[in-house]
Amino acid sequence: MYISKLSIRNYRNFRNASLNFNKGVNTIIGENGSGKTNLFQAIRILIDESMPRVIKFYETDFNRSVGAWQGHWIIIQIQFSDLDVGEEAQSLAMHKVGHVDEVDYTTGSYTVYFRPRIEYRRYLFELSKELQENPDRDKSEDVVKLEAILQNITLNDYETIFTGRSGIDFSVENSYKEFVGDFELIKFPDPDELRLDIYGIRTQGVSIPNEFACTFAKALRDVESDLRSFKDNPLISLLRDKGKSIEILKKNSIEEKVKSLNDDISNLEEVKGVSLGISSTVKRAVGETYAPNVNIRSELPSEMERLLQSLKLWVGDPDEEGYEGKLGELSLGGANLIYLSLKLLEFEKVKKEDKIANFILIEEPEAHIHTHIQKTLFNKLKENNTQVFISTHSTHISSVSQISSMNILGRGKQFAEVFNPSINLDPIEIRKIERYLDANRTNLLFAKGVLLVEGDAEHIVIPALVKSVFGVSVDELGISIVNIGSTGFTNIAALFHEDRVRRNCGIITDNDLSIVELPENSETDNDYQKKCRNSEKSGIERRKKLDKFCEGNGWIKPFYAKHTFEVDFLMANNSVEVQEVVKDNFERDADRERIKELLVDENVAIAGKEVLRLAEKFGKGWFAVMLSEKVDHITVIPDYILDALAYTIPNLTTNIQFSIAAYRLKRLRKRHFTNDENDYSNLLREFENKEILKESMDLYFDTLPNDVFTKLVRLANA
């Protein structure tokens with residue numbers, strides 16, 4: 001038995017989320033604030049027996065996107081697969097929708113509802129009924145009545161119930177509207193219709209969480225503090241359990257020794273002297289009649305359980321044999337590893353044969369833990385008969401995770417977005433993606449937008465261009481640039497789809513059109529023309545396949561250099577940057593002048609051939625590194641790259657726009673194109689004196705319609 005699905009409706013930052021899980025290890029990845037902790041809390045409400053059984057939700061637990069929370073339901077539902085035939089498991093077995101007597105004995109569900117009590121649901125239904133019986137009447141009156149009902153609802157008018165055998169996924173919008181209510185159409189179901197096949201049957205006579213072995217290891221920043229806690233300390237939990245098995249004679253002997261030690265300490269002359277001094281001082285202050293009797297006694301715990309609770313961990317570094325110190329002397333990563341090990345051992349204690357399922361939830365194990373340990377830990381967690389859930393924002397853990405057992409959380413405006421990157425991919429496609437993803441590339445799973453590039457040149461120069469021209473990094477814009485290398489674009493781009501990861505993915509590649517004119521008859525080609533013709537032929541064929549692959553998918557789009565990156569970069573009016581590279585690497589003035597004449601030639605057959613020669617001479621990667629050091633704020637971004645950036649950037653907020661515009665104005669005030677007659681000092685002053693950001697941006701865009709940033713924003717908003 002394992003959790004195969006989790007559905008969440010209106011809980012915290014989840015509006016209508018659905019996540020699929022597999023047996024074994026499941027990974028939930030996401031940036032900070034994407035909802036990983038809330039997700040674990042939702043799971044624990046249903047399966048962790050250490051959680052309070054009387055669950056109370058609050059106004060702040062409702063997702064903000066619902067607006068006014070009154071009348072709405074919070075619903076968390078877990079679906080189980082591979083149920084056994086035991087009574088406890090079968091209490092979850094799912095009714096087939098519309099057939100209360102028909103049960104799927106292999107699939108089950110367990111649901112918590114936080115909903116208005118039945119009298120308020122009756123009010124909503126009666127209003128809905130009135131409207132249905134009089135469809136032609138003015139609805140404005142009904143809207144007022146609805147508001148009146150909802151405004152009277154308080155949290156005290158809500159109830160929390162747990163059911164098994166629910167047959168509906170309430171994260172589906174139509175299901176929620178039909179069986180909870182459509183607040184816009186004022187249409188609500190009859191609460192007196194039990195609909196056990198929909199809402200499930202209240203679990204009575206059996207506590208479902210008690211049937212599970214569940215251990216939760218939270219993300220830690222101060223392990224030493226947590227291990228001092230009496231309530232949550234896993235060491236105390238383990239020792240308390242072991243204390244029950246200590247033989248009575250041994251226990252009595254130890255307790256007697258501790259009592260004797262207490263007496264010895266209390267009877268020390270030095271201790272008695274302090275005791276008498278305190279007593280005398282009190283009596284002098286208030287007199288014999290009112291002075292309390294004062295004594296000092298040693299109170300080392302003599303009960304075995306309290307003695308065990310006083311035990312502390314002493315640890316040593318593996319590189320420093322023979323030395324042990326207190327936990328506080330260990331590194332944060334080592335301390336976290338100790339804590340996680342204790343939680344896993346604690347799990348082994350609660351994992352018993354009579355439990356119907358075993359679960360471990362580990363929150364961000366990467367906190368302060370070395371990358372090698374992260375990967376090793378992940379691989380070691382593949383326990384038999386235990387389902388493991390790990391939340392992480394570590395690229396190292398995600399790089400060794402199977403995407404078929406992965407869910408991705410993204411931060412939306414008012415609610416989390418949930419992506420399952422393997423849905424509707426065949427096993428071969430999944431294997432290709434998993435082989436490709438490593439710690440340097442899994443950042444594409446965390447990004448808000450992705451650019452796939454085919455080589456080192458684009459991977460090195462494009463981030464430098466963005467930083468120099470716009471004053472922000474691609475990371476600040478939420479973009480991951482991923483070098484595909486020899487891997488086909490389609491293998492990775494398949495991740496981005498309406499069914500899977502709903503993020504814009506731009507593909508930057510070369511069209512490889514020949515830079516020299518080719519004869520009509522290919523048989524007359526010289527060696528260079530033959531090479532260009534073959535590249536052009538391959539480029540045309542590649543473009544056809546890529547265009548066909550992207551067709552109908554609104555989340556991926558290809559962008560083509562007319563020739564190659566180096567040629568298109570040069571021909572975009574960037575010969576100065578290339579000349580600077582030449583100046584650094586050629587000592588003879590004659591060589592510099594000769595190369596310069598070739599680079600500034602307007603004929604692409606001449607200038608393009610020379611820049612390709614330079615790239616080949618130094619190596620494309622190293623040439624790109626040198627080129628990236630020469631770009632600045634007036635370097636021209638080739639059109640196809642600017643188009644790709646505009647497509648990929650997720651959201652250019654007004655604050656980001658203002659930051660970029662201010663950066664450009666300050667740089668342009670110091671240096672701009674020779675034919676640019678704008679007074680940037682005056683423009684910057686006027687720009688900064690506007691009280692409203694939007695007015696500043698309107699000034700920028702209106703005054704500089706041909707500026708690269710103005711073009712980027714217009715393309716992004718197109």
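**A surface patch, two cores and a two-sided helix**

With a relative accessibility of 38%, L300 counts as partly exposed, because that class spans the range between buried, under 20%, and exposed, over 50%. In this predicted model, L300 sits in the loop that runs between helix 10 (269-286) and helix 11 (304-309). Together with L261, I265 and L268, L300 makes up a nonpolar patch on the surface, and the accessible area of these residues together is about 300 Å².

Attention now turns to the interior. In soluble globular proteins, nonpolar side chains tend to be buried together. Here, the largest nonpolar core holds 71 residues, and those touching the most other members are F470, V578, F623, F709 and L712. Helix 16 (residues 456-470) supplies the largest share of this core, with eight residues. The surroundings of F709 give a helpful view: neighbours within four places in sequence aside, F709 is in contact with F470, Q657, I660, A661, R664, M697, Y700 and F701. Another core lies apart from the largest one and comprises 59 residues, including I47, Y110, V112 and Y158.

Helix 21 (residues 589-599) offers a neat case of sidedness. Its buried residues are D591, I595 and L599. These residues lie on the same side of helix 21, because they cover an arc of only 65° around the axis. An α-helix has 3.6 residues a turn, so residues three or four places apart point the same way. The buried residues of helix 21 pack against helix 19 (565-571), helix 20 (575-585) and helix 22 (604-618), whereas D589 and E597 are exposed on the other side of helix 21.

Conventions
Residues numbered from 1 in each chain as written. Predicted model: local features only at pLDDT ≥ 70, side-chain atom pairs only at ≥ 80, totals over all residues. Heavy atoms only, no water. Patch = residues over 30% accessible without salt bridge, like charges linked within 9 Å, V, L, I, M, F, W, Y side chains within 5 Å. Areas by Shrake-Rupley, 256 points an atom, 1.4 Å probe, with all protein chains shown as cover. Salt bridge = Lys/Arg side-chain N within 4 Å of Asp/Glu carboxyl O. Helix = DSSP H or I, 4+ residues; strand = E, 2+ residues; numbered from the N terminus. Buried < 20%, exposed > 50% of the residue type's maximum accessible area, 1.4 Å probe, protein only. Core = buried A, V, L, I, M, F, W, Y, C linked by side-chain atoms within 4.5 Å. Contact = heavy atoms within 4.5 Å. Arc of directions from axis to C-beta.
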